[in-house]
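Here is a model whose labels deserve to be checked against their criteria. The turns below ask what stands behind each one.

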Amino acid sequence: RMKSYFSKWVDVRQLFSAFYGIRAMVRSFFNSGFIENIINHPFVKGIENMLSKWNMNFAGRQHSGLDDTRNIATVTLNLMSEGCLFYSTSTEGKATR
């Protein structure tokens, strides 16, 4: 049986998006094709986009677990320094979106 603390986490992308009020472009299907709509979306796309907020580049190789973790830690530290409050973005094993 999995420990309960493994069913809660913080999605840094979701916090980043909420903290900075990011609005993302998403595609919606309408009648005979796709149209572009701007709607509130809970996530910014990618670590690189978050790092660009501070004029930083991704360090290391993308999709490398260690390098991804280091870059997410950098984003986290910057969010903390700017006053972002961290909270669990999950509920009972399911991410809130």
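Q: In this predicted model, what makes α1 and α3 count as being in contact?
A: V12, F16, F19 and Y20 in α1 meet I72, V75, T76 and L79 in α3, and since contact requires heavy atoms within 4.5 Å, the two helices satisfy the criterion through these residues. The residues of this contact divide into 7 nonpolar, 1 polar and no charged.

Q: How do you know how the axes of α1 and α3 are placed, and why is their crossing called left-handed or right-handed?
A: The axes of α1, residues 12–20, and α3, residues 65–81, come within 11 Å and cross at roughly 35 degrees. The crossing is left-handed, a term used because the near helix is turned anticlockwise from the far one by less than a right angle.

Q: What makes the largest nonpolar core a core, and which helices supply at least two residues each?
A: The set has 12 residues, namely V12, L15, F16, V44, I47, M50, L51, W54, F58, V75, L79 and C84; they qualify because such residues must be buried, under 20% relative accessible area, and joined through side-chain atoms within 4.5 Å. At least two residues of this core come from each of α1, α2 (47–52) and α3.

Q: Which residues does L79 contact, leaving aside its neighbours within four places in sequence?
A: With those neighbours set aside, L79 is in contact with V12, F16, F19, Y20, W54, C84 and F86.

Q: How much of the protein chain counts as buried?
A: Of its 97 residues, 28% count as buried.

How values were computed: Residues are numbered from 1 along each chain as its sequence is written. This is a predicted model: local features need pLDDT of at least 70, side-chain atom pairs count only at pLDDT 80 or more; totals for chains, interfaces and linings use all residues. Side-chain values use heavy atoms; hydrogens and water are left out. Axes are lines fitted to C-alpha atoms, for helices over the stretch in contact, and angles run from 0 to 180 degrees between N-to-C directions. Helices (H or I, at least four residues) and strands (E, at least two) are DSSP runs, numbered from the N terminus. Ala, Val, Leu, Ile, Met, Phe, Trp, Tyr, Cys and Pro count as nonpolar, Asp, Glu, Lys and Arg as charged, and the others, Gly among them, as polar. Buried means under 20% relative accessible area, exposed over 50%, partly exposed in between (1.4 Å probe, protein chains only).
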